[in-house]
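Some labels on a structure deserve a challenge. Below, each label is set against its cut-off.

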Amino acid sequence: MNITESKTFINYSTGILKGENVIESVRKLGDIKDIYTDKKAINRMDQDQIAYKVQMHNTENEGKEGGLYIGTSFLYPGRVGDEYFMTKGHYHQKRDTAEYYWCISGEGILLLMDETENTNAVKIYPGSLNYIQGNIAHRLVNTGENILVIGACWPSDAGHDYGSIAEHGFSVSVKSINGKPEVISR
Ligand code: M6P
Ligand code: ZN
């Protein structure tokens, strides 16, 4: 029997995915301006500045039951006013589906919010592994000075619900107060 070659690769120290079925998307500040609380500050910034990139191994059609995706998020360091750069954040469209996030490099906070808007803020750093239960919205915040690199694995039928976050936002913001991250009610 023939032994076949692997076609996709992951670099454990950088999180970079390479090879077959790897796709990459980019979110610029202008694409996500609504998530920031300081509207004046975001409008003064370069709307083409990259906030984060996401790579994923796109093996299944989105919505396929029983499949998995793996991806890496590269969230740049920076602030909009006092608020640290963050991902859009989402619930899963199919609410009761879970996800793993693990930190490859950098430091930050993972915000986890349930549907009653109770939010937990979890410190993340290289090696930290977080299991995100179903029905929990998740957002990454980069509180460090380097790129926050996060691996993720989620079901291919989970989907992304950004609408609920766009409407209500997260119940907290992570801001730099006297040079230190603080989680503040919005
Ligand atoms: C992780 C996964 C992806 C998600 C990405 C960016 O890689 O959770 O499903 O798309 O982070 O997060 P968001 O979609 O909230 O911008
Ligand atoms: Zn998710």
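Q: How many disulfides does a search of the whole structure find?
A: The model is predicted, and the search returns zero disulfides.

Q: What makes Cys-103 a residue in no disulfide?
A: A disulfide needs two cysteine sulfurs within 2.5 Å. The nearest cysteine sulfur to Cys-103 belongs to Cys-153, and it is 17 Å away. Seen from Cys-153, the closest cysteine sulfur is the one in Cys-103, again at 17 Å, which is too far for a bond.

Q: Why is Cys-103 called buried?
A: Buried means under 20% relative accessible area. Cys-103 has 5%, so it counts as buried.

Q: Why does Cys-153 get the label partly exposed?
A: Partly exposed lies between the 20% and 50% limits. Cys-153 has 22% relative accessibility, so it falls in that class.

Q: What makes the zinc ion (ligand 2) coordinated, and by which residues?
A: Donors are N, O and S atoms within 2.8 Å of the metal. His-90 (NE2), His-92 (NE2), Glu-99 (OE) and His-138 (NE2) sit at 2.0 to 2.2 Å from the zinc ion (ligand 2). These atoms therefore count as donors.

Q: Why is the site of the zinc ion (ligand 2) called irregular?
A: Four donors count as tetrahedral if all angles lie between 85 and 135 degrees. They count as square planar if opposite donors are over 155 degrees apart and all others between 65 and 115. Here the angles among the four donor atoms run from 87 to 154°. The upper value, 154°, breaks the tetrahedral limit and does not reach the square planar one, so the site is irregular. For reference, the ideal angle for four tetrahedral donors is 109.5 degrees.

Q: How are the donor residues of the zinc ion (ligand 2) spaced in sequence?
A: The spacing is H-x1-H-x6-E-x38-H. Glu-99 lies in strand β8 and His-138 in strand β12, so this pair ties together parts that are 39 residues apart in sequence. Both Glu-99 and His-138 are buried.

Q: What makes Glu-65 and Lys-94 a salt bridge?
A: The rule asks for a side-chain nitrogen of Lys or Arg within 4 Å of a carboxyl oxygen of Asp or Glu. The closest N and O atoms of Glu-65 and Lys-94 are 4.0 Å apart, and the pair forms a salt bridge. Glu-65 is in the loop between β4 (50-57) and β5 (68-75), and Lys-94 is in the loop between β7 (83-84) and β8 (99-105), so the pair ties together parts that are 29 residues apart in sequence. By this rule the count comes to four salt bridges.

Q: Why is Glu-65 called exposed and Lys-94 partly exposed?
A: Exposed means over 50%. Glu-65 has 59%, so it counts as exposed. Lys-94 has 37%, so it counts as partly exposed.

Q: How do you know that Arg-95 and Glu-115 meet in a salt bridge?
A: Their N to O distance is 2.8 Å, and the limit is 4 Å. Arg-95 lies in the loop between β7 and β8 and Glu-115 in the loop between β9 and β10, so parts 20 residues apart in sequence are tied together. Arg-95 has a relative accessible area of 21% and is partly exposed. Glu-115 is partly exposed as well, at 46%.

Q: How do you know that Arg-95 also meets Asp-161 in a salt bridge?
A: The N to O distance is 3.0 Å, against the limit of 4 Å. Asp-161 lies in the loop between β13 (148-155) and α2 (163-168), so its pair with Arg-95 ties together parts that are 66 residues apart in sequence. Asp-161 is buried, with a relative accessible area of 15%.

Q: What makes Glu-65, Lys-94 and Asp-157 one network?
A: Salt bridges that share partners join these residues.

Q: What makes β10 and β12 edge strands?
A: The open sheet has the order β10-β9-β12, with antiparallel pairing. β10 (119-124) and β12 (137-142) each pair on one side only. The twist averages 20° from one strand to the next.

Q: How do you know that β9 pairs with β10?
A: Pairing takes at least two bridges. Six bridges join β9 (residues 108-113) to β10. Leu-110 stands opposite Val-122 in β10.

Note on methods: Residues are numbered from 1 along each chain as its sequence is written. Chains are lettered from A and ligands numbered from 1 in the order in which they are written. This is a predicted model: local features need pLDDT of at least 70, side-chain atom pairs count only at pLDDT 80 or more; totals for chains, interfaces and linings use all residues. Side-chain values use heavy atoms; hydrogens and water are left out. Buried means under 20% relative accessible area, exposed over 50%, partly exposed in between (1.4 Å probe, protein chains only). Helices (H or I, at least four residues) and strands (E, at least two) are DSSP runs, numbered from the N terminus. Axes are lines fitted to C-alpha atoms, for helices over the stretch in contact, and angles run from 0 to 180 degrees between N-to-C directions. Donors are N, O and S atoms within 2.8 Å of the metal (3.2 Å for Na, K and Ca); water is not among the atoms, so sites may look incomplete. Four donors count as tetrahedral if all angles lie between 85 and 135 degrees; four count as square planar and six as octahedral if opposite donors are over 155 degrees apart and all others between 65 and 115; anything else is irregular.
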